[in-house]
Amino acid sequence: MSKYYFDEETANKAVQFIETHLTHTKGELAKTPFILQEYQKEQIIKPLFGLKNKGDDSRKYRTAFIFLPRKNGKSTLAAAIILTLLYLDQEYGAEYYSAANDKEQAKIVYSVVADMVRNNPKLESFVEIYKNSIVYNAQGSFYKAISRETSTKHGFNTSAFIYDELHGMRDDGTENLWQVLETSTGARKSPLSIAITTAGYDKYSACYKMYDYAKRVAEGSVIDEQFLPVIFEAEQDDDISKPETWAKANPGLDVSLKRTYMEREVKKALAQPSYENVFRRLHLNQWTTSETRWLNDADIVACNETIPEEVLLNNPCYGGLDLASVRDLTSLVLVWRIADKIVCKHWTFLPEEKYEGRTGGKDGVNYMEWSDYLEVTPGNVTDYSFVKAKIFELCDKYKVQSIAFDRWNSSQLVQECIEENLKMSPFGMGYKSLSPAAKEIESKILTNDFIYFKDPVVRWQFGNVQLETDAAGNIKPNKAKSSDKIDTIMALCMAVGEEMYSEAPIVSKYKRDNKGFFTI
């Protein structure tokens, strides 16, 4: 005999509260009633609020894992659950929280909650709204938005919390925010811990462990009657171009998620290799790796155009300097923007002994075959005086506006160039700096608007690049293996980034919401 029962009155009361008193807050549905979709009503709201313990009428579920892709109304649903708890639970001194990984993310759910209350004068009459919290004075209860940056949470006596985008929670092996909040619910009769998240790419994360646990509970291999798994995802071998795949992962398709949007995004994913993992993770809810092969060799080869040297001599250019260890490759790349095309030339330096294959390990290439495309410096280490001389030679020859260099890996060479009045610009190696440049390069290659003079060194190093991707879809180049060389590609990204961020004009002759209780 089951120790649980379904309280239909309470379940329906929760649904009625949401659909009668809460509204959408953004877009074309703003200020219209929030009518729950069938899955939201039957798989989430009714089970959470209606299933109870026969012994003490407390809620059955203590933890819920709600796994939904982007644009399926996660923030609106989270806000509705928080307000249903705050107004209907009638627990004196209750503490409700929405948690997020940073302050900006924490503001998202809080903003929806606050706007829902403001949109209903009756709801608003029961509470005080502050910057990051809403207080229900008659009950001594409150809701507050927090992030991991909040100084301490160990004094909390949490009744319920929702963690938004759990996949982004940092887990360094010490106590994380989820654990702090969950362990603070012990004194409550009906505590509730909810994760609502999209897929991520870190399969060693606390989120992936909870996802895996939720899958096991859902399939019955793990018995946990107090854990509610709600999982929407496409299978790894599903065709990403088919609407039935989108529908499997997105219960909000044609409601909160427009089909035309998915059509555009899948087209982009099919055309841009670097975007496919992002599309799979954000819109099909598939866990991916953080890295993916960047570009197909055929796309590099297809960029077979050249351009006369005199055109380069008469147009401004920007440089990127990747300074490797003295026993490895160092590369200077210059880029021009000629009409809609990016033109690049590189000077990649390596020591003579590495060139001849006597030192430096195995790179999988025969450098001597590329003698016309490399700058060989005497001895067994890269001669930076040789590199410096070449930099000045090129600055005399071309209209070099500035040269970007890795701010964390500069050298005496950079300082000497600065002292001799070359404009040298420090360049970050994080997503913020590299992603716009990498995306620009990718775009130009895929449209055959990239000129590299069919240089085999450039082609080889493009083949060594994988892309590392963050939760926001930013990208940056990484090596496929620790031994692979991508120095020239990193210099190219810095040069393109320098050109994009520069304020100098590019001139081309080819011409760019009075009583103590709320009732319904």
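Begin by selecting leucine 350, which stands opposite valine 376 in strand S15. The model on display is a predicted one, and this pair of residues serves as the entrance to the tour.

**First stop: strand S14 and its partners**

Extend the selection to strand S14, residues 341-351, and to strand S15, residues 374-377. These two strands run parallel and are joined by four bridges. Next, add strand S18, residues 450-451. Strand S18 also runs parallel to S14, and two bridges join the pair. Here isoleucine 342 has phenylalanine 450 of S18 as its bridge partner.

Then add strand S13, residues 330-338. S13 pairs with S14 in the antiparallel sense, over nine bridges. Within this pairing, serine 331 has threonine 348 of S14 as its bridge partner. The two strands form a hairpin with two residues between them, and alanine 339 in that hairpin takes a positive phi near 55°. Is S14 mostly covered or mostly open? Nine of its eleven residues are buried, so the strand is mostly covered, given that buried means under 20% relative accessible area.

**Second stop: salt bridges around S13 and S14**

Select lysine 341 in S14 and glutamate 305, which lies in the loop between helix H11 (297-302) and helix H12 (309-313). Their side chains meet in a salt bridge, with 3.2 Å from N to O. The two residues are 36 residues apart and link distant parts of the chain. Glutamate 305 is partly exposed, at a relative accessible area of 33%, and lysine 341 is also partly exposed, at 22%. Add Asp449 to the selection, and a network of salt bridges linking Glu305, Lys341 and Asp449 comes into view.

Move now to arginine 337, whose salt bridge with glutamate 440 has its closest N and O atoms 2.4 Å apart. Arginine 337 belongs to S13 and glutamate 440 to helix H16 (residues 431-446), so the salt bridge ties together parts that are 103 residues apart in sequence. Both arginine 337 and glutamate 440 are buried.

**Third stop: helices H16, H17 and H18**

From glutamate 440, select the whole of H16 and then helix H18, residues 487-501. Their axes are 8 Å apart and the helices pack at an angle of about 95°, which makes H16 roughly perpendicular to H18. Which residues meet where H16 packs on H18? On the H16 side they include Leu434, Pro436, Glu440 and Ile441, and on the H18 side they include Met490, Leu492, Val496 and Tyr501. The residues of this contact divide into ten nonpolar, two polar and two charged.

Keep H18 selected and add helix H17, residues 456-464. The axes of H17 and H18 come within 8 Å and cross at roughly 95°, so H17 is roughly perpendicular to H18. Val457, Val458, Gln461 and Phe462 of H17 make the contact with Asp487, Thr488, Ile489 and Leu492 of H18. By type, these residues comprise five nonpolar, two polar and one charged.

**Fourth stop: the eight-stranded sheet**

Clear the selection and turn to the open sheet, in which eight strands follow the order S5-S6-S7-S4-S8-S9-S3-S10 with mixed pairing. At its edges stand strand S5 (128-129) and strand S10 (227-231), each with a single partner strand, so one side of each has no neighbour in the sheet.

Within the sheet, select strand S4 (residues 95-100) and strand S8 (residues 160-164), which run parallel and are joined by four bridges. The bridge partner of serine 98 is isoleucine 162 in S8. Helix H4 (residues 103-118) packs on the sheet and touches S4, S5, S6, S7 and S8, with its direction at about 150° to that of S7.

In H4, select aspartate 115 and arginine 118, whose side chains meet in a salt bridge at 3.3 Å, N to O. The two residues lie three apart, about one turn of the helix. Aspartate 115 is partly exposed at 23% relative accessibility, and arginine 118 is partly exposed at 42%.

Helix H2 (residues 38-50) lies across strand S3 (63-67), strand S9 (192-197) and S10, and runs at about 170° to S10.

**Last stop: the whole model**

Finally, display the entire protein, with its 18 helices and 20 strands. Its C-alpha atoms fill a box of roughly 85 × 45 × 45 Å along the principal axes. Of its 520 residues, 53% count as buried, and the whole structure holds 23 salt bridges.

Key
Residues numbered from 1 in each chain as written. Predicted model: local features only at pLDDT ≥ 70, side-chain atom pairs only at ≥ 80, totals over all residues. Heavy atoms only, no water. Pairing = 2+ DSSP bridges. Contact = heavy atoms within 4.5 Å. Axes fitted to C-alpha atoms, helices over the stretch in contact; angles between N-to-C directions. Salt bridge = Lys/Arg side-chain N within 4 Å of Asp/Glu carboxyl O. Buried < 20%, exposed > 50% of the residue type's maximum accessible area, 1.4 Å probe, protein only. Parallel < 35°, antiparallel > 145°, perpendicular 65-115°, else oblique. Nonpolar A, V, L, I, M, F, W, Y, C, P; charged D, E, K, R; others polar.
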